[in-house]
Amino acid sequence: MRATARAQPNIALIKYWGKRNRSRNLPAVGSISITLADLYTEMSVELDKGIAADTLTLNGEHNGDMLPRVSACLDTVLGTGRVQARIDSRSNFPVAAGLASSASAFASAVVATSAAAAQDRSIAELSRLAGRASGSAARSLYGGFAELRNCDDDIEVDSLLSVSDWPLQVVVAVTTRAQKSIASGDAMEISRKTSPFYERWVHDQQHDLDLARTAILARDFDKLASIAEHNCLKMHSVMWASRPPIVYWNTATLECMQAVRELRAQGTAVFFTVDAGPQVKAICLDSAVDVVRDALTNTPGVCDTLLTGLGEGARLMETE
Ligand code: PMV
């Protein structure tokens, strides 16, 4: 049987950085994210008793590099004695460049795989399975604003607000199309082992989560802006102080952050966040979209800007 699912990336406003259990890929901290609308990955999984090994195509081309991770994700959903699969993944945005492509990829992978095997799993179960492959993927099962919490020996994701409750907009400033220098999973381990700020980061996260959740539920843009930028810069400070240092930014990343800060100082409702890559995501109210996009398009070093609203969680598109 073959099933196709679609999922969008999500952007963390309160970040996940660091693992408390590497083999089960459990995060050290909770996180809060927004799921995007217009960037997506569509994944088809066809289980076929007639093939000896999984195959993977990414945007139509065979890809051996990602195959082990995707195969491991299928093992998590179906068990290791499973039937092999033909996997076809298509994304309408650059992969591995700090646009959270692993989130949309693994969220769509678990939904498609589970459906291809005619399983009947809840969103909460699918979210935990996606989290085993990529921590941020667990959040892409949910639309709008989602919070990932650590519970005893697993994770739980709650929906905080739906898309229509607070339809924020996101302008992504693409500052390079190159793949990132170091995968986030490896970088997190370097930070955990070497950054003098790591323990403090983990310790203070609950406070940041509480502030952000309260701001989101009250739709208080300024409070959310303040805590989200602080949390982002704190995560990058943990990275910068790691040995070797983990620096995902380029000069255009800094220029964009400065452009956003200047806009906000002039009264525009916008704030920035940056993940494990050099792209800057500017989150803004609908009324600010044009001025934010103009400013980022004209910022030196920006190769492109993308505009998207908030979207729904991962979903099944078809089964054959
Ligand atoms: O889920 P991963 O392994 O791609 O890690 C995501 C890490 C950040 O994007 C930097 C933060 C986050 O919470 O998404």
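In what order do the four strands of the open sheet with antiparallel pairing stand? Reading across, the order is β13-β14-β12-β15. Keep in mind that this is a predicted model.

**The four-stranded sheet**

The edges of this sheet belong to β13 (270-273) and β15 (304-309); each has a single partner strand, so one side of each is left without a neighbour in the sheet. Going from one strand to the next, the twist averages 25°. Further in, β12 (residues 169-174) and β14 (residues 280-284) run antiparallel and are joined by five bridges. If you want a spot to zoom in on, try V170, which stands opposite I283 in β14.

Now for the helices that go with this sheet. Helix α6 (residues 221-240) lies across β13 and β14, and its direction is at about 20° to β13. Helix α7 (residues 251-265) lies across β12, β13 and β14, running at about 155° to β13.

Helix α7 also meets another helix, α8 (residues 289-297): their axes come within 10 Å and cross at roughly 145°. That crossing is right-handed. On the α7 side the contact is made by C256, A259, V260 and L263, and on the α8 side by V291, V292, A295 and L296. What kinds of residue make up this contact of α7 with α8? Eight are nonpolar, with no polar and no charged ones.

**The six-stranded sheet**

There is also an open sheet of six strands, with the order β8-β7-β9-β6-β1-β16 and mixed pairing. Its edge strands are β8 and β16 (315-319), each of which pairs on one side only. Helix α2 packs on this sheet, where it touches β1, β6 and β16, and its direction makes about 35° with that of β6.

At the β8 end, you can follow the pairing strand by strand. β7 (residues 55-58) and β9 pair in the parallel sense over four bridges, while β7 and β8 (residues 61-62) pair in the antiparallel sense over two bridges. β7 and β8 form a hairpin with two residues between the strands, and there N59 takes a positive phi near 50°.

Here are some facing residues from these strands:

| Residue | Opposite residue | Strand of the opposite residue |
|---|---|---|
| L56 | I87 | β9 |
| T57 | D88 | β9 |
| L58 | E61 | β8 |

**The nonpolar cores**

In soluble globular proteins, nonpolar side chains tend to be buried together. In this model, the largest nonpolar core has 37 residues, and V45, I87, V110, V111 and L141 touch the most other members. I87 is thus a familiar name: it is the residue in β9 that L56 stands opposite.

Several elements each supply at least two residues of this core: the strands β1 (2-7), β6 (41-47), β9 (85-91), β10 (145-151) and β11 (154-161), along with the helices α1 (67-78), α2 (101-116) and α3 (123-133). Which of them gives the most? It's α2, with nine residues.

V110 is a good place to look around. Leaving out residues up to four places away in sequence, V110 touches C73, V77, L126, L129, A130 and L141. A second, separate core has 34 residues, among them Y16, A187, C232 and M257.

Conventions: Residues are numbered from 1 along each chain as its sequence is written. This is a predicted model: local features need pLDDT of at least 70, side-chain atom pairs count only at pLDDT 80 or more; totals for chains, interfaces and linings use all residues. Side-chain values use heavy atoms; hydrogens and water are left out. Two strands pair if DSSP finds at least two bridges between them. Axes are lines fitted to C-alpha atoms, for helices over the stretch in contact, and angles run from 0 to 180 degrees between N-to-C directions. Contact means heavy atoms within 4.5 Å. A crossing is left-handed if the near helix is turned anticlockwise from the far one by less than a right angle, and right-handed if clockwise. Ala, Val, Leu, Ile, Met, Phe, Trp, Tyr, Cys and Pro count as nonpolar, Asp, Glu, Lys and Arg as charged, and the others, Gly among them, as polar. A nonpolar core is a set of buried Ala, Val, Leu, Ile, Met, Phe, Trp, Tyr and Cys residues joined through side-chain atoms within 4.5 Å. Buried means under 20% relative accessible area, exposed over 50%, partly exposed in between (1.4 Å probe, protein chains only).
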